Amino acid sequence: MSFIDGRIDGEKIFEGRVFPKILLPSKACEGNLIEIVKTEREKLEKMLKEHGAILFRGFDVRSAEDFSSVVEAFGHEEFPYQGPADRTKLADRVYTTNAVPLDVMISFHHEMAMIKEFPRRIMFFCMQPSPEGGETSIIPSNIIVEKMEEALPQVVEKFVEGGIFFVLHTKATYNKNGRVVWQRMLKTTDKIQGEKRAKEMLSCNTVKFNSDGTADFTFGPMNPVREFNGKRVMFNRILGYNTGERDAYVAFKDGRPIPLEATKVIERIYEDNCVDISWEKGDVLLVDNLTVQHARRPGKHPRIVLVSLSD
Ligand SMILES: [Fe+2]
């Protein structure tokens with residue numbers, strides 16, 4: 001056996017399975033994750049399907065290039081990122097994570113869930129854990145549906161029947177701390193070209209360029225409850241985010257926002273059922289993007305967590 005089971009604080013059991021699955025190197029394998037992935041690929045795929053997320057801890061992965069080789073060893077096609085986050089390529093298939101300021105929480109989501117096509121898998125790699133906070137938090141998305149159907153059946157019904165709108169508001173000026181402008185997001189300064197790209201590449205339904213340089217992108221209506229791998233998941237973001245630099249809100253099809261009391265219940269469901277991964281240097285986290293959501297807790301510099309998306 002190339003690996004042994006590990007444990008982390010706060011791990012959870014859902015449907016009789018530990019979440020997430022933690023794998024540590026056995027003495028025999030000398031921590032070479034690339035070789036293990038190559039030889040145990042099928043077993044790891046099955047494990048990912050069953051558990052939704054696997055954390056590889058204690059293996060010898062040190063650089064963006066090492067991480068790139070681990071990603072490659074899984075043998076899946078690369079999935080190109082499209083979306084509002086500003087990412088820098090550091091190695092083949094390896095990018096920086098979202099540059100939103102570290103003191104801000106990035107709320108739970110499936111990667112690229114608003115867009116027509118989305119990656120099936122996300123891999124994260126920790127080069128430098130935050131000195132405080134900065135955890136990546138994960139939650140099985142089918143548990144959100146289950147708990148919401150118990151606590152807020154009418155809200156889920158409304159989601160499924162009419163769908164939701166997701167509105168993203170971009171600011172007028174860019175700074176590298178995460179402020180997003182439409183020109184950078186759409187990689188053009190031409191509004192006609194920008195609108196075309198927003199609709200074609202981001203599956204955005206309406207685009208409004210405002211005279212003050214800001215813009216509003218509306219997605220939907222879309223039913224956020226989808227089915228993947230036999231599980232009903234809350235695929236689209238149902239909680240907005242507000243970083244102070246970039247805003248988004250979610251509304252029912254009639255344009256009315258989700259009531260505050262319901263939002264509070266939803267937030268509670270997330271907090272009660274998520275698992276915070278307190279990063280250790282060299283950690284690699286493999287997440288099934290179809291069934292598990294992720295978020296980033298506020299942290300402190302320096303924190304270096306890299307990402308790779310694949311099909
Ligand atoms: Fe993300």
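In this predicted model, helix H1 meets helix H2 through a set of side-by-side residues: Leu33, Ile34, Val37, Lys38 and Arg41 come from H1, and their partners in H2 are Ser69, Val70, Ala73 and Phe74. Sort the residues of this contact by character and you get 6 nonpolar, 1 polar and 2 charged.

How are the two helices arranged? Two packed helices are described by the angle between their axes and the distance between the axes. Here the axes of H1 and H2 come within 8 Å and cross at roughly 5 degrees. Angles under 35 degrees count as roughly parallel, so H1 is roughly parallel to H2.

Now turn to the sheet. Its 8 strands follow the order S1-S4-S5-S19-S9-S21-S7-S6, forming an open sheet with mixed pairing. Strand S1 (3-5) and strand S6 (89-91) are at the edges; each has a single partner strand, so one side of each is left without a neighbour in the sheet. On average, neighbouring strands are turned by 30 degrees against each other, direction ignored.

For one pairing within this sheet, look at strand S7 (residues 94-96) and strand S21 (residues 304-310), which run antiparallel and are joined by 2 bridges. In this pair, Tyr95 stands opposite Val307 of S21. Helix H2 (residues 64-74) packs on the sheet, touching S6, S7, strand S9 (121-128), S19 and S21, and its direction makes about 25 degrees with that of S21.

Helix H1 (residues 33-51), in turn, lies across S1, strand S4 (21-25), strand S5 (53-56) and strand S19 (284-288). Relative to S5, H1 runs at about 150 degrees.

Technical notes:
Residues are numbered from 1 along each chain as its sequence is written. This is a predicted model: local features need pLDDT of at least 70, side-chain atom pairs count only at pLDDT 80 or more; totals for chains, interfaces and linings use all residues. Two strands pair if DSSP finds at least two bridges between them. Helices (H or I, at least four residues) and strands (E, at least two) are DSSP runs, numbered from the N terminus. Axes are lines fitted to C-alpha atoms, for helices over the stretch in contact, and angles run from 0 to 180 degrees between N-to-C directions. Two residues are in contact if their C-beta atoms, placed from the backbone, lie within 7 Å. Angles under 35 degrees count as roughly parallel, over 145 as roughly antiparallel, 65 to 115 as roughly perpendicular and the rest as oblique. Ala, Val, Leu, Ile, Met, Phe, Trp, Tyr, Cys and Pro count as nonpolar, Asp, Glu, Lys and Arg as charged, and the others, Gly among them, as polar.
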